[in-house]
Amino acid sequence: MRENGGIEQTCGNARLFSRINGGTMDYKKYIAEKINIEGVDTDEIAGFIVAPPSQEMGDYALPCFRFAKILRKSPAMIADELAKTFETDAVITEISSINGYLNFKVDRGSFSEKVLAEILSTGSAYGSSTEGAGKTVCIDYSSINIAKPFHIGHLSTTVLGSSLYKIYNFLGYKAVGINHLGDYGTQFGKLIYAYKAWGDEKAVEKGGLKELTRLYVKYHEEAEKNPEMDDAARAYFKAIEEKDPEAVALFEKFKAMTLKDISRIYDLLNVKFDSYAGESFYNDKMQPVIDELKEKGLLTESQGAMVVNLD
């Protein structure tokens, strides 16, 4: 895990890469440059260095098993010999040889002092970069359903997506946050039916999303006793598709109420989006795709609907 673009730490062991004095100090390479093994270059040695299984052993470890064949010695003997010749300094303060591993400890005080000094000098820009300059990253998160409450299932994608959005922006990318709304389908025909049958404008204005949810639940309770209601609901949704003024006005009303209610949660979480273009946004953009599918002979009829057989 990379934190602040500066410190990389795994399982409590300091796999440390620190942005120090405007540059990046690679501790693995620093250690490798102080080790001389005939036939093995510095980059190879640095690539072999790992984090020890426990922090007590050190911050870095060099397994010497890889050198046994080259040096014709046991890993333990190689580690012992390297430990005797390795010179500690202000950066690497301790070294030990344990069962064929050469372990190193970093001076935590010096390291912390340098990192904190850079944080103080760079302020909120610490860890930022321009690596993403000129690049765009689109991130789809939250993706709530209109006329339904925000629930625990939305929380994970909302928080993770928002975090990625902020990280990418911090690294110089142009991040685009997309909340692809679930705002199309027969369920909106059902909601319009319920609103016209049992709804009250003042109650809906006052109750908001809770009242819409109550009406939607009531629809399903009644539809179990009167299945013909589904035909009427489909007709209302078709009216939305065909841009019937009354149906579209109700649809937009429900959408606005949902976003107003859920925006309170987004504000609490400090979550923002650049686009709320949901499923309905693409309604008038589907025909060219359908036409292309027809031209290529990919559409087949299935139970009264035209489908693309992915088999």
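Asp 59 is buried in this predicted model, because its relative accessible area of 3% falls under the 20% that marks the limit for burial. The residue belongs to the loop that runs between helix 2 (42-48) and strand 5 (60-63), and a polar atom of the Asp 59 side chain lies 2.7 Å from the backbone nitrogen of Val 106.

Turning from this polar contact to the aromatic rings, a search of the whole structure finds 18 aromatic pairs. One of them is formed by Tyr 193 and Tyr 236, whose rings meet edge-to-face, with 6.4 Å from centre to centre and 70 degrees between the planes. This pair links distant parts of the chain, since Tyr 193 is in helix 7 (residues 186-198) while Tyr 236 is in helix 10 (residues 229-241), and the two are 43 residues apart. Tyr 193 counts as partly exposed, because its relative accessible area of 22% lies between the limits of 20% and 50%, and Tyr 236, with a relative accessible area of 25%, is likewise partly exposed.

Elsewhere, one aromatic cluster is formed by Tyr 141, Phe 150, Tyr 165, Tyr 266, Phe 273 and Tyr 276.

Aromatic rings also take part in contacts with charged side chains. The charged end of Lys 34 sits over the ring of Phe 86, at 5.3 Å from the centre of that ring, and Lys 218 lies over the face of Trp 198, where the distance to the ring centre is 5.2 Å.

Notes: Residues numbered from 1 in each chain as written. Predicted model: local features only at pLDDT ≥ 70, side-chain atom pairs only at ≥ 80, totals over all residues. Heavy atoms only, no water. Helix = DSSP H or I, 4+ residues; strand = E, 2+ residues; numbered from the N terminus. Buried < 20%, exposed > 50% of the residue type's maximum accessible area, 1.4 Å probe, protein only. Polar contact = N/O pair within 3.5 Å; in protein donor to acceptor, adjacent residues only side chain to side chain. Phe/Tyr/Trp six-rings, centres within 6.5 Å; stacked < 30°, edge-to-face > 60°. Lys NZ or Arg CZ within 6 Å of the ring centre and 35° of its normal.
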